[in-house]
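Dear colleague,

I am handing over the structure we spoke about, with the sequence alongside. Please look through it before reading my notes below.

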Amino acid sequence: YQLLEMARRLEMYGVRLHPAKDREGTKLSLAVSHIGLLVFQGHTKINAFNWSKVRKLSFKRKRFLIKLRPDLNSAYQDTLEFVMASRDCCKIFWKICVEYHAFFRLFEEPKPKAKAVLFTRGSSFRFSGRTQKQVFDYVKDSEFQKCPTDKAYFIAKELLTTERTFQKDLAVITVWFQAVLGKEDILPDSVRTLINTNYDPVYQLHQAFLKEVEQRLQQWEGRSNAHIKGDYQRVGDVMLKNIQGLKQLTSLLQRHGEVLVELERSCRASQRLQELCREFEQQKVCYLSLNMFLLRPLHRLLHYKLILERLCKHYPPHQDFRDSRAALADISEMVLQLQGTMMKMENIQKLLELKKDLTGIQDLAIPGREFIRLGCLSKLSGKGLQQRMFFLFSDSLVYTSRGMTADNQFKVHGQLPLYGMTVRIRESEDEWGVPHSFTLFGQRQSVVVAGKEKLVLCFCSSTFHQLLLLLFSESPEEGGVEAESEEELSASRSSLERQSAQRGNTTVHVCWHRNTSVSMVDFSVAVENQLSGNLLRKFKNSNGWQKLWVVFTNFSLFFYKSHQDDYPLASLPLLGYSLTVPAETENIQKDYVFKLHFKSHVYYFRSESQYTFQRSVPLATLVWCCLQ
């Protein structure tokens with residue numbers, strides 16, 4: 001591989017020179033490469049004609065002709081002529097050009113021309129064989145199919161792929177964020193020490209663990225250490241060793257919530273630190289909110305627990321089953337010990353995240369307040385039904401004005417307290433003439449809201465929270481915003497490249513554009529269920545499949561070229577999308593394919609195996625079902 005890396009940088013590598021002369025009789029050499037036709041004088045390249053600029057190649061006796069496409073900015077004639085040693089030399093070079101052009105430029109092998117009945121004109125020579133694109137597609141298909149078939153292998157591979165993503169997420173805090181903070185001495189020393197002492201040891205432990213898992217999978221697949229004999233088709237022993245190391249760091253994991261709180265307190269005390277954190281969140285590498293990265297080590301414990309549960313369920317009693325069961329017992333003990341911290345910190349993180357999306361409300365993240373659900377409802381005003389964002393907390397119902405501010409935030413229009421007063425609910429369809437509407441009465445104000453379908457409620461047994469949950473689950477269509485944000489952008493304009501003071505990729509904004517809602521329960525389910533790995537993606541109107549590294553987290557798919565990339569190229573929020581299997585009429589003709597569609601947006605994704613397909617589809621379905 002290193003030899004090829006060096007060779008491809010050499011200008012003359014793989015180039016065969018064919019002697020020729022130009023019209024003035026100057027001795028030259030012609031050559032052909034993947035980019036087009038090359039002209040040399042001695043061993044110095046003096047010109048190159050890209051395939052895209054070449055209109056036609058032909059020869060007459062020993063004259064080789066290059067017909068170029070018209071170009072007003074070019075000083076060359078439309079047709080260039082070179083004289084070669086003989087007709088045979090000229091024809092041989094012409095055939096080589098035809099083969100190179102077909103291989104590198106065409107999507108598929110050219111079809112032969114029908115034979116003439118009476119006479120022929122010109123050569124019937126055509127390139128035969130796969131084109132470069134067909135070779136790439138064949139190799140991709142072959143790589144996708146060449147892997148062990150044991151389910152334990154795929155569970156171990158899921159551990160590897162998600163560990164790679166987790167390692168990148170840890171680096172956001174320990175490497176990227178620390179580098180930004182190092183440029184300015186504005187973070188209090190106590191907070192800096194808190195981050196270093198509680199995250200660096202965890203990062204180093206997982207670096208070593210990732211290397212072990214990568215080596216074990218290589219041995220499992222037979223790609224390394226083939227001369228070493230041993231039973232490497234197992235992963236429970238590696239996980240047991242890592243989790244026992246993690247148990248020694250439990251006290252550090254318990255303080256990760258403290259880091260979140262202290263960093264927020266420092267941001268409130270320093271305007272410059274707050275601006276610095278906001279600027280960091282706009283960087284490509286910070287594809288989620290900064291606070292969410294701070295809680296990633298706690299979330300990872302839940303992932304280990306789910307992986308080990310599947311491994312123990314699959315295994316018959318043997319050595320790796322015993323190691324996996326021991327690892328599961330240890331991680332279950334850690335999750336139980338840290339569960340209270342996780343629930344508390346997830347709620348604080350969500351309140352702090354909503355604080356960035358809302359304006360016109362003071363002290364959103366107050367002690368004792370719990371986030372329950374956010375989403376769209378129709379509110380009755382003098383202009384009729386209007387789509388508003390509603391936020392349900394344990395102590396109040398907050399709703400916004402219509403639309404967003406110039407800073408891409410939602411301005412709070414009203415707040416209905418729920419504690420210390422009586423809240424009454426009255427069905428108001430006949431009163432207001434609005435289908436499926438209800439009036440919510442507070443002590444000093446009332447709000448008329450509407451759902452999409454008829455709501456049948458037993459008021460004597462329904463609490464206010466239950467009503468609001470039901471209303472949210474029936475998000476209205478009337479007056480809804482039909483605008484759909486663009487998810488798929490090129491690498492030069494990633495959907496995560498947020499402009500200053502704009503936060504258009506948050507869950508709140510997606511719910512607004514998709515006219516849906518999300519609860520805290522949904523967020524908790526999303527935290528537990530995350531996936532990483534290779535998928536083949538195909539657009540509705542495209543022919544080929546593109547291999548991408550895909551991370552499924554926070555109700556979104558994030559697309560990378562490979563797992564080594566530091567930041568995603570694009571993202572696809574899944575809220576509002578439906579998941580199905582392609583119909584026969586869609587002519588996909590591939591195994592393990594699922595389809596995501598929302599309005600006119602259609603995407604096909606192809607898994608590498610039945611296991612990956614069975615893991616991907618339920619998780620995407622879970623997102624869809626939670627929001628119906």
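What follows is an account of helix packing, the nonpolar cores and two strand arrangements.

Please keep in mind throughout that this is a predicted model.

I begin with helix H4 (residues 151-183), whose axis comes within 10 Å of that of helix H11 (residues 296-314), the two crossing at roughly 175°. Since angles over 145 degrees count as roughly antiparallel, H4 and H11 are therefore roughly antiparallel to each other. On the H4 side the contact includes Lys151, Ile155, Glu158, Leu159, Glu163, Phe166 and Asp169, and these meet a set of H11 residues that includes Arg296, Arg300, Tyr304, Ile307, Arg310 and Leu311. By class, the contact between the two helices holds 9 nonpolar, 2 polar and 7 charged residues.

H4 also appears in the interior of the model, where the largest nonpolar core has 79 residues, and Leu159, Phe177, Ile195, Met239, Phe280, Leu301 and Ile331 are those with the most contacts inside it. The largest share of this core, 15 residues, is supplied by H4. To take one of these residues in more detail, Ile195 touches Ile173, Phe177, Gln178, Leu187, Asp200 and Val259, if residues up to four places away in sequence are not counted. Another core, of 24 residues, lies apart from the largest one, and among its members are Leu354, Leu358, Phe410 and Val518.

The same helix leads on to the strands, because H4 lies across strand E17 (531-539) and strand E18 (546-553), running at about 90° to E17, which by the 65 to 115 degree range counts as roughly perpendicular. E17 and E18 belong to an open sheet of 7 strands, ordered E20-E19-E18-E17-E23-E22-E21, with antiparallel pairing. Strand E20 (570-573) and strand E21 (578-580) stand at the edges with a single partner strand each, so one side of each is left without a neighbour in the sheet. From one strand to the next, the twist averages 35°. At the E20 edge, strand E19 (residues 556-560) is joined to E20 by 4 bridges, the two running antiparallel, and Ser556 has Pro573 in E20 as its bridge partner.

Finally, there is a hairpin to look at, in which strand E5 (residues 54-60) pairs with strand E6 (residues 63-68) in the antiparallel sense over 6 bridges. Lys60 has Arg63 in E6 as its bridge partner, and of the 2 residues between the strands, Arg61 takes a positive phi near 55°.

With best regards

Key:
Residues are numbered from 1 along each chain as its sequence is written. This is a predicted model: local features need pLDDT of at least 70, side-chain atom pairs count only at pLDDT 80 or more; totals for chains, interfaces and linings use all residues. Side-chain values use heavy atoms; hydrogens and water are left out. Axes are lines fitted to C-alpha atoms, for helices over the stretch in contact, and angles run from 0 to 180 degrees between N-to-C directions. Angles under 35 degrees count as roughly parallel, over 145 as roughly antiparallel, 65 to 115 as roughly perpendicular and the rest as oblique. Contact means heavy atoms within 4.5 Å. Ala, Val, Leu, Ile, Met, Phe, Trp, Tyr, Cys and Pro count as nonpolar, Asp, Glu, Lys and Arg as charged, and the others, Gly among them, as polar. Two strands pair if DSSP finds at least two bridges between them. A nonpolar core is a set of buried Ala, Val, Leu, Ile, Met, Phe, Trp, Tyr and Cys residues joined through side-chain atoms within 4.5 Å. Buried means under 20% relative accessible area, exposed over 50%, partly exposed in between (1.4 Å probe, protein chains only).
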